[in-house]
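Work through the exercises below with the sequence and the 3D view side by side. Try each task before reading its solution.

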Amino acid sequence: MPLFDRPALLAGAAAAAAGWGVVAGPVFLLWVVTPYAGGGLAAVPRTAAGIWLLGHGGPLRWEGLAGAATLGVAPLLVTALAAALVFRAAARTARIGGVVLGYLAVALLAVLVGLGGAPRSEPLPDLCWVALLALPAAMAGARRSTGVWGLVAGWQALRAHGEWLGVWPVSVPDGWLARRVEQLRAVAPYRDVALRAGLAGALALFGGGGLVLLGSLLAHFGDAGALAAQLAPDPAGRAALLLLCAALLPNAAVWSAGYALGPGFTLGGHAAATGSAALSPLALPLLADAPTPGRSLLGLCALAVPAVAGPVVGRFLAASALPGAWTAAFTALAAAACTGLLTGAAALWAGGALGTAALAQVGPPVGWSALAAFGWTAALALPTLFALRWHAARRAHKVAETAETEDGVSPQPEAAAFL
């Protein structure tokens, strides 16, 4: 079967068209009910195309009275929808290249549609952002592994064919690095376990960030309601504001997760970190609960979020019956790395530009957020994993002793081994 076969191309194009259409639905309804909407019906697909491309990370630019302005904060609700559609298309066709190519074809059409008005898109950056989102989603859907597992496969290929290629000595030195790579090779069958555990850790972080956001919004409910009434006095404006806040809810959850992890996030030219901040909230009800100067109980309670994500990963891995201490440790570190990478990717898409000057860059720092997520998860997942393995081994040993007492049969010693 060819790599770029027709079913894969059509599946990728259908996934892109479906995402664009889902975004166009609310835009059309708002265009109908808004009395001051301009640009005619042609503004609906153009605006929907801009929002859809923005969901992939491509910034929107327009010329206003105050000069050029940029909007680069991707609504993660649209981002998640796009990634899910690509994932489903790749899982159905088991083809990566065709799905991505079909998806990019529709993205090119969206870019061309968005060139004719304001805000405008830029073809090359937008297509690069679309590919950056579609390719990993398609690889995940087609169940292809990358990263450290690709390095393991490369090591194996070099050992098998290095002499023929002339790039590797006949005998590989059996040193520390070689032993570690062989241990990684033993862990390779458990890559799916590590990926799922890393995803569970990332979801725990983002879910905890959502709880922090919810608690803060409840604590500042009056301020958020007053700001919403000022911004949108008419029903159409309130509907548009509600849709905007709903699309940005995942962004706010990721920002709250960054706040809980420690690196914090930047908003309005100021940095917010756990326990201390100095922020001026933007004119958006979702951000009316921005941290204030000084320490608060909610800010300290936010530290429980990363303290829970690590044990979630450890508990997930402990239930997977990993053989041997080294295999379990490497898998836990790989899962923590996946959590860090997913957190960094979410921070990358959740932040961006909301304007100029102090709003040129908002959101959590990508590198520090990823590193903090990896550190917290690894530091807590490893002891949780080995504590649960020790508890399971001790329990199995007690069960074996009980069986020996009742039946007079010696238990199998391997049943109590956890390393």
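## Exercise 1: Place Thr79

Thr79 counts as buried because its relative accessibility is 8%; buried means under 20% relative accessible area, exposed over 50%, and partly exposed in between, with a 1.4 Å probe and protein chains only. This is a predicted model, in which local features need pLDDT of at least 70, side-chain atom pairs count only at pLDDT 80 or more, and totals for chains, interfaces and linings use all residues. Residues are numbered from 1 along each chain as its sequence is written, and side-chain values use heavy atoms, with hydrogens and water left out.

Task: find the helix of Thr79, then give its distance in space from Gly57.

Step 1. Thr79 sits in helix α3, residues 76-93. Helices here are DSSP runs (H or I, at least four residues; strands are E, at least two), numbered from the N terminus.

Step 2. Count along the chain: Thr79 and Gly57 are 22 residues apart. In space, their C-alpha atoms are 8.2 Å apart.

## Exercise 2: Leave α3

Task: in the loop between α3 and α4, examine Ala94. What is the sign of its phi?

Step 1. Ala94 belongs to the loop that links α3 and α4.

Step 2. Its phi is near 55°. That is a positive value in a residue other than glycine.

Step 3. With a relative accessible area of 37%, Ala94 is partly exposed.

## Exercise 3: Trace the aromatic rings

Task: start from Trp52 and find which rings form a cluster with it.

Step 1. Count the aromatic pairs: the structure holds 3. Rings of Phe, Tyr and Trp (its six-membered ring) pair if their centres lie within 6.5 Å; planes under 30 degrees apart count as stacked, over 60 as edge-to-face and the rest as tilted.

Step 2. Take Trp20 and Trp52. Their centres are 6.2 Å apart and their planes 15° apart, a stacked pair. Trp20 lies in helix α1 (residues 6-33) and Trp52 in helix α2 (residues 43-55), so this pair ties together parts 32 residues apart in sequence.

Step 3. Check burial. Trp20 is buried at 12% relative accessible area. Trp52 is buried too, at 1%.

Step 4. Now pair Trp52 with Tyr103. This pair is tilted: 5.7 Å centre to centre, with 45° between the planes. Tyr103 lies in helix α4 (residues 97-114) and Trp52 in α2, so the pair ties together parts 51 residues apart in sequence. Tyr103 has a relative accessible area of 1% and is buried.

Step 5. Join the pairs. Trp20, Trp52 and Tyr103 form one aromatic cluster.

## Exercise 4: Compare two helix packings

Task: describe how α4 packs with α1 and with α5.

Step 1. For α1 and α4, the axes are 6 Å apart and the angle is about 40°. That makes α1 oblique to α4. Axes are lines fitted to C-alpha atoms, for helices over the stretch in contact, and angles run from 0 to 180 degrees between N-to-C directions. Angles under 35 degrees count as roughly parallel, over 145 as roughly antiparallel, 65 to 115 as roughly perpendicular and the rest as oblique.

Step 2. Turn to α4 and helix α5 (residues 123-141). Their axes come within 10 Å and cross at roughly 150°. That makes α4 roughly antiparallel to α5.

Step 3. Read the handedness. The crossing of α1 and α4 is right-handed. The crossing of α4 and α5 is right-handed. A crossing is left-handed if the near helix is turned anticlockwise from the far one by less than a right angle, and right-handed if clockwise.

## Exercise 5: Test the length of α8

Task: how far apart should the ends of α8 be at 1.5 Å a residue?

Step 1. Helix α8 has 29 residues, 191-219. The expected span is 1.5 Å times one less than the number of residues.

Step 2. That gives 42 Å, and the end C-alpha atoms are 42 Å apart, which agrees.

Step 3. List buried residues of α8. Among them are Val193, Ala194, Ala197, Gly198, Gly201 and Leu205.

Step 4. Follow Leu205 outward. Its C-alpha atom is 9.9 Å from that of Ala304, 99 residues away along the chain. Ala304 is in helix α12, residues 304-318. At 41% relative accessible area, Ala304 is partly exposed.
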